Amino acid sequence: MESSREFNFNAAVLELSRNKFVASPSVEELDSLKKSEIVKVAKHYGIEFQPLMRKDEIKRYVLEYLVDESVLPSTVLETAITVPTDNTFELKRLEIEMNKEIRLKEMEREREREEREMQKEKEEREMQREKEEREMQREKEREKEEREERERREEKAREHEFRLKQLELGVIKGSDPKIGLDTGGFDVSKHVKFVPKFQEDNVEKFFNHFEKLGEQLKWPRDKWSILIQSNFTGKAQEVYSALSIEDSMDYDKVKKAILQAYELVPEAYRQKFRKYRKAGYTNIRRVCLSKRKAFR
């Protein structure tokens, strides 16, 4: 019974509000009405509308009707809430979907770009790894070749040293069938101490000194190569070790090979002569004597 009285009271209030608006239409009064009241107002004026339309849409129809009837000024439509039509919502929906699709495509392009960059980095790393492996392999092969070459030189040097030690100690007597050497009773070990010290910075002077001693001490020329090799050092020792046994027993061939190694050949002499300059403290006579001594 109590709820029935409350319902009747509310209905009376609604009816009063609707009647108040009809009696004195205004935007403010229309805004204060509920949807059910606005529906009754629209029916009161005979305005056609769809029952499922929203409150704002029905209110817009009421305002347009009252403006057309000159009950309200047209300015109320400018301040009234713009109700989006079905087309507006459809466009909005399409815009949202389009933006979503654009974002998805951008994300897909970004993902593809990252994959390409990752693939490129992977290929670059692989190429760098292969390059390093090739370099390591070349380095190993180079080290192997150098090691084998060094071993060959060392083996050859040992053979020479052993052979020459035999000759110096007089182990080999008479004729050697391999190199045709006839010691003739000459004791190399007794004369080797007279061989001058080898100087890499003045190779020509060393040979001149050695040859003078050989002539003065009457050393057999075919023993000169045995005597001179005992004092070789540095590059000269390497060159001598690289010679064959036959060539190592020939003094002239030994001398030629070592002079070539130190670039003491005719062309080198010509270059040395052209570059020879007078020192500040010397006179012309001394320069001429120095050149004569250096290039004789």
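Start your tour by selecting α10 and α12, two helices whose crossing is right-handed (the near helix is turned clockwise from the far one by less than a right angle; anticlockwise would be left-handed). Helix α10 covers residues 234-242 and helix α12 covers residues 251-261; helices here are DSSP runs of H or I with at least four residues, strands are E runs of at least two, and both are numbered from the N terminus.

A word on what you are viewing: this is a predicted model, in which local features need pLDDT of at least 70 and side-chain atom pairs count only at pLDDT 80 or more, while totals for chains, interfaces and linings use all residues. Residues are numbered from 1 along each chain as its sequence is written, and side-chain values use heavy atoms, leaving out hydrogens and water.

**Stay with the helix pair**

Two packed helices are described by the angle between their axes and the distance between the axes. The axes of α10 and α12 come within 9 Å and cross at roughly 130° (axes are lines fitted to C-alpha atoms over the stretch in contact, with angles from 0 to 180 degrees between N-to-C directions). That crossing makes α10 oblique to α12; angles under 35 degrees are roughly parallel, over 145 roughly antiparallel, 65 to 115 roughly perpendicular, and the rest oblique.

Now show side chains: K235, A236, V239 and Y240 of α10 meet V254, A257, I258 and A261 of α12, where contact means heavy atoms within 4.5 Å. Seven of these residues are nonpolar, none is polar and one is charged (Ala, Val, Leu, Ile, Met, Phe, Trp, Tyr, Cys and Pro are nonpolar; Asp, Glu, Lys and Arg charged; the others, Gly among them, polar).

**Two loop residues**

Next, select S70, in the loop between α4 (55-68) and α5 (75-79). S70 has a positive phi of about 60° although it is not a glycine. With 62% relative accessibility, S70 counts as exposed (over 50%; buried is under 20%, partly exposed in between, using a 1.4 Å probe and protein chains only).

Then jump to K218, in the loop between α8 (203-216) and α9 (224-228). Its phi is also positive, near 55°, and K218 is exposed at 69% relative accessibility.

**Zoom out**

Color by pLDDT, the predictor's confidence in each residue from 0 to 100. The protein averages 76, and 69% of the residues score at least 70. Residues 1-10 stay under 50, with zero contacts beyond four places in sequence. Residues 170-183 also stay under 50, but the model gives them 24 such contacts. Where pLDDT is low, the predicted coordinates should not be read in detail.

Finally, view the whole protein: 14 helices and zero strands.
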